[in-house]
Amino acid sequence: MNSLNEFETQWVVKINEYLTSQLNQQVQQPLLREAMAYSVVAGGKRLRPLLTLATLTTFGVTINEDQMKAATALELVHTYSLIHDDLPAMDNDDLRRGKPTNHVQFGEDIAILAGDALLTLAFEWLATNQLPANQQAQLVMGMAQAAGPNGMVAGQVDDVANEANQLTLDQLMQLHKRKTGDLIHYAVLSGLIMAEINDRTQWLRFADSFGLAFQIYDDILDITSNEADLGKPVAQDGNKNTYPNLLGLDGAYQKLAVTIAEGKQALMLAEQQTGMDTSLLASFFSYFKLNEEK
(Lines give C-alpha, C1' and ligand atoms only; values in the text may rest on other atoms or scores of the structure.)
Protein backbone atom coordinates (compact mmCIF):
# COMPACT_ATOMS: atom_id res chain seq x y z
CA MET A 1 0.00 0.00 0.00
CA ASN A 2 1.55 3.30 -1.08
CA SER A 3 -1.43 5.63 -1.40
CA LEU A 4 -2.49 8.11 1.26
CA ASN A 5 -6.13 7.65 0.25
CA GLU A 6 -5.90 3.88 0.67
CA PHE A 7 -4.15 4.25 4.00
CA GLU A 8 -6.77 6.72 5.23
CA THR A 9 -9.52 4.33 4.17
CA GLN A 10 -7.89 1.56 6.18
CA TRP A 11 -7.10 3.51 9.34
CA VAL A 12 -9.20 6.66 9.85
CA VAL A 13 -12.34 4.73 10.79
CA LYS A 14 -10.30 2.61 13.23
CA ILE A 15 -8.74 5.74 14.75
CA ASN A 16 -12.16 7.35 15.18
CA GLU A 17 -13.67 4.21 16.69
CA TYR A 18 -10.79 3.86 19.12
CA LEU A 19 -10.98 7.50 20.23
CA THR A 20 -14.74 7.30 20.75
CA SER A 21 -14.71 4.01 22.65
CA GLN A 22 -11.83 4.98 24.92
CA LEU A 23 -13.31 8.37 25.83
CA ASN A 24 -16.64 6.74 26.63
CA GLN A 25 -14.95 4.15 28.83
CA GLN A 26 -12.46 6.32 30.64
CA VAL A 27 -14.12 9.69 31.31
CA GLN A 28 -16.70 9.36 34.06
CA GLN A 29 -17.92 12.95 34.49
CA PRO A 30 -20.79 13.21 31.98
CA LEU A 31 -20.49 16.88 30.98
CA LEU A 32 -16.72 16.66 30.72
CA ARG A 33 -16.96 13.49 28.63
CA GLU A 34 -19.46 15.16 26.32
CA ALA A 35 -17.28 18.26 25.86
CA MET A 36 -14.11 16.25 25.24
CA ALA A 37 -15.79 13.92 22.77
CA TYR A 38 -17.54 16.82 21.02
CA SER A 39 -14.25 18.15 19.69
CA VAL A 40 -12.36 14.87 19.36
CA VAL A 41 -15.00 13.14 17.23
CA ALA A 42 -15.97 16.26 15.28
CA GLY A 43 -13.87 15.07 12.37
CA GLY A 44 -10.47 16.15 11.22
CA LYS A 45 -7.88 14.64 8.93
CA ARG A 46 -6.14 12.55 11.65
CA LEU A 47 -2.85 13.26 9.87
CA ARG A 48 -0.80 13.05 13.05
CA PRO A 49 -1.80 9.55 14.16
CA LEU A 50 -1.78 8.50 10.51
CA LEU A 51 1.84 9.61 10.25
CA THR A 52 2.71 7.49 13.30
CA LEU A 53 0.93 4.46 11.90
CA ALA A 54 2.46 5.00 8.45
CA THR A 55 5.93 5.12 9.99
CA LEU A 56 5.29 1.84 11.76
CA THR A 57 3.92 0.33 8.55
CA THR A 58 6.97 1.49 6.60
CA PHE A 59 9.15 -0.60 8.91
CA GLY A 60 6.90 -3.63 8.66
CA VAL A 61 5.45 -3.38 12.16
CA THR A 62 2.07 -5.05 12.64
CA ILE A 63 0.12 -2.43 14.57
CA ASN A 64 -1.38 -3.57 17.86
CA GLU A 65 -3.70 -1.88 20.37
CA ASP A 66 -0.85 -0.47 22.46
CA GLN A 67 0.64 1.26 19.43
CA MET A 68 -2.80 2.54 18.43
CA LYS A 69 -3.23 3.94 21.93
CA ALA A 70 0.10 5.76 21.69
CA ALA A 71 -0.66 7.06 18.20
CA THR A 72 -4.09 8.40 19.11
CA ALA A 73 -2.78 10.06 22.28
CA LEU A 74 -1.30 12.65 19.95
CA GLU A 75 -4.75 13.40 18.55
CA LEU A 76 -5.89 14.23 22.09
CA VAL A 77 -3.08 16.78 22.41
CA HIS A 78 -3.85 18.22 18.99
CA THR A 79 -7.55 18.58 19.85
CA TYR A 80 -6.78 20.23 23.18
CA SER A 81 -4.66 22.77 21.32
CA LEU A 82 -7.53 23.53 18.92
CA ILE A 83 -10.03 24.02 21.75
CA HIS A 84 -7.71 26.47 23.48
CA ASP A 85 -6.70 28.21 20.24
CA ASP A 86 -10.36 28.93 19.50
CA LEU A 87 -11.02 30.60 22.87
CA PRO A 88 -11.94 34.31 22.93
CA ALA A 89 -8.62 35.15 24.61
CA MET A 90 -6.76 33.50 21.72
CA ASP A 91 -8.17 33.40 18.15
CA ASN A 92 -11.80 33.94 19.19
CA ASP A 93 -13.17 31.58 16.53
CA ASP A 94 -16.78 30.37 16.45
CA LEU A 95 -16.42 27.51 13.94
CA ARG A 96 -14.16 24.45 13.89
CA ARG A 97 -14.51 21.38 11.64
CA GLY A 98 -17.86 22.71 10.45
CA LYS A 99 -19.34 22.90 13.97
CA PRO A 100 -19.57 25.57 16.67
CA THR A 101 -16.33 25.70 18.61
CA ASN A 102 -16.18 24.07 22.02
CA HIS A 103 -16.55 27.27 24.02
CA VAL A 104 -19.54 28.32 21.91
CA GLN A 105 -21.19 24.96 22.57
CA PHE A 106 -20.29 24.50 26.25
CA GLY A 107 -19.04 27.86 27.54
CA GLU A 108 -15.48 29.02 28.11
CA ASP A 109 -15.14 27.34 31.49
CA ILE A 110 -16.03 23.84 30.27
CA ALA A 111 -14.01 24.29 27.08
CA ILE A 112 -10.88 25.17 29.04
CA LEU A 113 -11.38 22.18 31.30
CA ALA A 114 -12.08 19.84 28.37
CA GLY A 115 -8.78 20.93 26.83
CA ASP A 116 -6.97 20.40 30.12
CA ALA A 117 -8.46 16.92 30.42
CA LEU A 118 -7.48 15.92 26.88
CA LEU A 119 -3.88 17.01 27.43
CA THR A 120 -3.48 15.07 30.66
CA LEU A 121 -5.35 12.02 29.35
CA ALA A 122 -2.88 11.86 26.45
CA PHE A 123 -0.02 11.25 28.84
CA GLU A 124 -2.08 8.66 30.70
CA TRP A 125 -2.52 6.78 27.41
CA LEU A 126 1.23 6.78 26.83
CA ALA A 127 1.89 5.41 30.31
CA THR A 128 -0.92 2.82 30.57
CA ASN A 129 -0.18 0.30 27.86
CA GLN A 130 1.98 -2.77 27.41
CA LEU A 131 4.75 -1.14 25.39
CA PRO A 132 8.28 -1.68 26.74
CA ALA A 133 9.11 0.72 29.57
CA ASN A 134 11.94 2.36 27.62
CA GLN A 135 9.53 3.11 24.76
CA GLN A 136 6.97 4.55 27.16
CA ALA A 137 9.59 6.83 28.67
CA GLN A 138 10.77 8.04 25.25
CA LEU A 139 7.20 8.67 24.10
CA VAL A 140 6.29 10.64 27.22
CA MET A 141 9.46 12.73 26.96
CA GLY A 142 8.99 13.29 23.23
CA MET A 143 5.39 14.43 23.59
CA ALA A 144 6.21 16.69 26.53
CA GLN A 145 8.98 18.35 24.54
CA ALA A 146 6.82 18.71 21.43
CA ALA A 147 3.77 20.12 23.21
CA GLY A 148 5.38 22.04 26.04
CA PRO A 149 7.21 25.29 26.81
CA ASN A 150 9.94 24.70 24.23
CA GLY A 151 7.56 23.33 21.60
CA MET A 152 3.97 24.05 20.63
CA VAL A 153 3.17 26.36 23.54
CA ALA A 154 6.31 28.40 22.87
CA GLY A 155 5.20 28.78 19.26
CA GLN A 156 1.75 29.89 20.36
CA VAL A 157 3.31 32.53 22.62
CA ASP A 158 5.56 33.69 19.78
CA ASP A 159 2.47 34.00 17.60
CA VAL A 160 0.44 35.98 20.11
CA ALA A 161 3.35 38.21 21.18
CA ASN A 162 4.28 39.13 17.61
CA GLU A 163 0.87 39.93 16.15
CA ALA A 164 1.89 43.58 15.82
CA ASN A 165 5.43 42.81 14.60
CA GLN A 166 6.57 41.88 11.11
CA LEU A 167 8.70 38.75 11.38
CA THR A 168 11.45 37.73 8.99
CA LEU A 169 11.13 34.47 7.07
CA ASP A 170 13.56 32.76 9.45
CA GLN A 171 11.61 34.00 12.47
CA LEU A 172 8.32 32.87 10.96
CA MET A 173 9.71 29.42 10.19
CA GLN A 174 11.00 29.10 13.76
CA LEU A 175 7.61 30.16 15.14
CA HIS A 176 5.79 27.57 13.05
CA LYS A 177 8.37 24.88 13.73
CA ARG A 178 7.29 25.14 17.34
CA LYS A 179 3.59 25.90 16.94
CA THR A 180 2.77 23.36 14.22
CA GLY A 181 5.87 21.43 13.29
CA ASP A 182 6.88 19.97 16.63
CA LEU A 183 3.75 17.83 17.00
CA ILE A 184 4.19 16.55 13.45
CA HIS A 185 7.87 15.87 14.18
CA TYR A 186 6.72 13.87 17.22
CA ALA A 187 4.18 11.95 15.13
CA VAL A 188 7.00 10.46 13.06
CA LEU A 189 9.37 10.23 16.03
CA SER A 190 6.88 8.16 18.00
CA GLY A 191 6.62 5.70 15.12
CA LEU A 192 10.40 5.45 14.98
CA ILE A 193 10.53 4.86 18.74
CA MET A 194 7.97 2.05 18.60
CA ALA A 195 9.66 0.54 15.53
CA GLU A 196 12.98 0.66 17.46
CA ILE A 197 14.77 2.69 14.77
CA ASN A 198 17.92 4.40 16.02
CA ASP A 199 19.13 6.20 12.87
CA ARG A 200 16.36 8.77 12.59
CA THR A 201 17.98 11.72 10.81
CA GLN A 202 16.41 11.54 7.35
CA TRP A 203 13.05 10.35 8.66
CA LEU A 204 12.84 13.38 10.95
CA ARG A 205 13.97 15.67 8.13
CA PHE A 206 10.93 14.39 6.26
CA ALA A 207 8.75 15.07 9.31
CA ASP A 208 10.03 18.63 9.65
CA SER A 209 9.50 19.33 5.95
CA PHE A 210 5.97 17.96 6.14
CA GLY A 211 5.25 20.11 9.20
CA LEU A 212 6.48 23.27 7.49
CA ALA A 213 4.57 22.44 4.31
CA PHE A 214 1.43 21.86 6.37
CA GLN A 215 1.61 25.34 7.89
CA ILE A 216 2.40 27.06 4.58
CA TYR A 217 -0.54 25.29 2.98
CA ASP A 218 -2.83 26.20 5.88
CA ASP A 219 -1.88 29.85 5.38
CA ILE A 220 -2.55 29.57 1.64
CA LEU A 221 -5.96 27.99 2.21
CA ASP A 222 -6.98 30.91 4.42
CA ILE A 223 -6.83 32.99 1.23
CA THR A 224 -7.85 30.56 -1.49
CA SER A 225 -10.45 28.30 0.15
CA ASN A 226 -13.87 28.88 1.69
CA GLU A 227 -15.56 28.25 5.01
CA ALA A 228 -17.66 25.35 3.75
CA ASP A 229 -14.65 23.40 2.47
CA LEU A 230 -12.36 24.14 5.42
CA GLY A 231 -14.94 23.82 8.17
CA LYS A 232 -13.60 26.97 9.81
CA PRO A 233 -13.59 30.71 9.07
CA VAL A 234 -11.32 31.92 6.25
CA ALA A 235 -9.69 35.29 5.57
CA GLN A 236 -8.70 35.43 9.25
CA ASP A 237 -4.99 36.07 8.71
CA GLY A 238 -5.03 39.51 7.11
CA ASN A 239 -2.78 41.18 9.70
CA LYS A 240 -0.95 38.10 10.94
CA ASN A 241 2.49 36.73 10.25
CA THR A 242 1.79 34.24 7.46
CA TYR A 243 3.70 33.03 4.43
CA PRO A 244 1.36 34.70 1.90
CA ASN A 245 1.52 37.98 3.81
CA LEU A 246 5.32 37.82 3.91
CA LEU A 247 6.09 36.28 0.51
CA GLY A 248 2.93 36.94 -1.48
CA LEU A 249 0.64 34.13 -2.61
CA ASP A 250 2.91 33.06 -5.47
CA GLY A 251 5.93 33.19 -3.16
CA ALA A 252 4.11 31.05 -0.60
CA TYR A 253 3.34 28.45 -3.28
CA GLN A 254 7.01 28.50 -4.31
CA LYS A 255 8.10 28.01 -0.71
CA LEU A 256 5.62 25.14 -0.41
CA ALA A 257 7.04 23.46 -3.52
CA VAL A 258 10.63 23.78 -2.25
CA THR A 259 9.65 22.41 1.16
CA ILE A 260 7.89 19.41 -0.37
CA ALA A 261 10.94 18.72 -2.54
CA GLU A 262 13.17 18.79 0.53
CA GLY A 263 10.91 16.30 2.31
CA LYS A 264 10.89 13.96 -0.68
CA GLN A 265 14.68 14.19 -0.90
CA ALA A 266 14.96 13.18 2.77
CA LEU A 267 12.81 10.12 2.11
CA MET A 268 14.87 9.24 -0.95
CA LEU A 269 18.04 9.35 1.14
CA ALA A 270 16.37 7.28 3.86
CA GLU A 271 15.38 4.68 1.29
CA GLN A 272 18.90 4.57 -0.11
CA GLN A 273 20.38 4.14 3.36
CA THR A 274 17.95 1.53 4.66
CA GLY A 275 16.40 -0.15 1.65
CA MET A 276 12.94 0.52 3.09
CA ASP A 277 10.07 1.46 0.77
CA THR A 278 9.21 5.08 1.59
CA SER A 279 6.35 5.48 -0.90
CA LEU A 280 3.65 5.44 1.77
CA LEU A 281 5.21 8.33 3.67
CA ALA A 282 5.92 10.16 0.41
CA SER A 283 2.23 9.86 -0.48
CA PHE A 284 1.39 12.18 2.44
CA PHE A 285 2.65 15.04 0.30
CA SER A 286 -0.35 14.47 -1.98
CA TYR A 287 -2.34 16.31 0.70
CA PHE A 288 -0.91 19.55 -0.67
CA LYS A 289 -2.15 20.97 -3.96
CA LEU A 290 0.46 23.13 -5.64
CA ASN A 291 -0.54 26.20 -7.64
CA GLU A 292 -0.18 24.47 -10.99
CA GLU A 293 -2.45 21.65 -9.81
CA LYS A 294 -5.34 23.91 -8.90
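In the chain, residues 24 or more positions apart account for 73% of the contacts with a separation of 6 or more. The structure is a predicted model, and its secondary structure comes to 13 helices and 2 strands. The C-alpha atoms fill a box of roughly 50 × 45 × 35 Å, taken along the principal axes. For 294 residues, a compact globule would have a radius of gyration near 19 Å, and the chain, at 18 Å, agrees with this expectation. Of the 294 residues, 52% are buried, while the accessible surface of the chain comes to about 13000 Å², with 50% of that area belonging to carbon and sulfur atoms.

Within the interior, helix α3, which spans residues 47-58 and includes T55, provides two examples of buried positions. T55 has a relative accessible area of 0% and is therefore buried; leaving aside residues up to four places away in sequence, T55 touches V188, G191, L192 and L281. L56, also placed in helix α3, likewise counts as buried because its relative accessibility is 0%, which falls under the 20% limit. The contacts of L56, again without residues up to four places away in sequence, are with V61, I63, Q67, G191, M194 and A195. G191 thus appears in the contact lists of both T55 and L56. With respect to D93, which is 37 residues apart from L56 along the chain, the C-alpha atoms are separated by 35 Å.

Burial was also examined in helix α8, residues 152-161, where M152, A154, G155, Q156 and D159 are buried. The partners against which the buried residues of α8 pack are α4, α7 (133-147) and α9.

Enclosed space in the model is limited to 1 cavity of 30 Å³ or more, and the largest cavity holds about 100 Å³ of space. The lining of this largest cavity is made up of 13 residues, and those that lie nearest its centre are S39, I83, D86, R96 and N102. Two or more lining residues are given by each of the elements α2 (30-40), α4 (65-85) and β2 (99-100), with the largest share, 3 residues, coming from α4. Helix α4 is accordingly linked both to the lining of the largest cavity and to the packing of the buried residues of α8. By class, the lining of the largest cavity divides into 5 nonpolar, 4 polar and 4 charged residues.

The second largest pocket contains about 230 Å³ of space. Its lining consists of M173, Q174, H176, K177, G181, D182, R205, D208, S209, G211, L212 and E262, and at least two of the lining residues are supplied by each of α9 (169-194) and α10 (201-224). The greatest contribution, 6 residues, is that of α9. The lining of this pocket comprises 2 nonpolar, 5 polar and 5 charged residues. K177 and S209, both among the lining residues, are 32 residues apart in sequence, yet their C-alpha atoms are 9.6 Å apart in space. K177 is located in helix α9 and, with a relative accessible area of 41%, is partly exposed, because this value lies between the limits of 20% and 50%.

Backbone geometry was considered at two residues with positive phi. R97, although it is not a glycine, has a positive phi of about 55°, and R97 is found in the loop between β1 (95-96) and β2. On either side of that loop, the flanking strands can be related to the cavity described above: R96 is one of the residues nearest the centre of the largest cavity, and β2 gives two or more residues to the cavity lining. E196 is likewise not a glycine and has a positive phi of about 60°; E196 lies in the loop between α9 and α10, the two helices that each supply at least two residues to the lining of the second largest pocket. At 57% relative accessibility, E196 counts as exposed, since the value is over 50%.

Note on methods:
Residues are numbered from 1 along each chain as its sequence is written. This is a predicted model: local features need pLDDT of at least 70, side-chain atom pairs count only at pLDDT 80 or more; totals for chains, interfaces and linings use all residues. Side-chain values use heavy atoms; hydrogens and water are left out. On a 1 Å grid over the protein atoms alone, a cavity is a set of points where a 1.4 Å probe fits but cannot get out, and a pocket is an open set with protein on both sides within 12 Å along at least five of seven lines; lining residues have an atom within 4 Å of a point. Grid points are joined across faces, edges and corners, and a volume is the space filled by probe spheres set on the points. Helices (H or I, at least four residues) and strands (E, at least two) are DSSP runs, numbered from the N terminus. Ala, Val, Leu, Ile, Met, Phe, Trp, Tyr, Cys and Pro count as nonpolar, Asp, Glu, Lys and Arg as charged, and the others, Gly among them, as polar. The radius of gyration is taken over C-alpha atoms; the globule rule is 2.2 Å times the number of residues to the power 0.38. Buried means under 20% relative accessible area, exposed over 50%, partly exposed in between (1.4 Å probe, protein chains only). Contact means heavy atoms within 4.5 Å. Accessible areas come from the Shrake-Rupley method with a 1.4 Å probe; for residues, only the protein chains shown count as cover.
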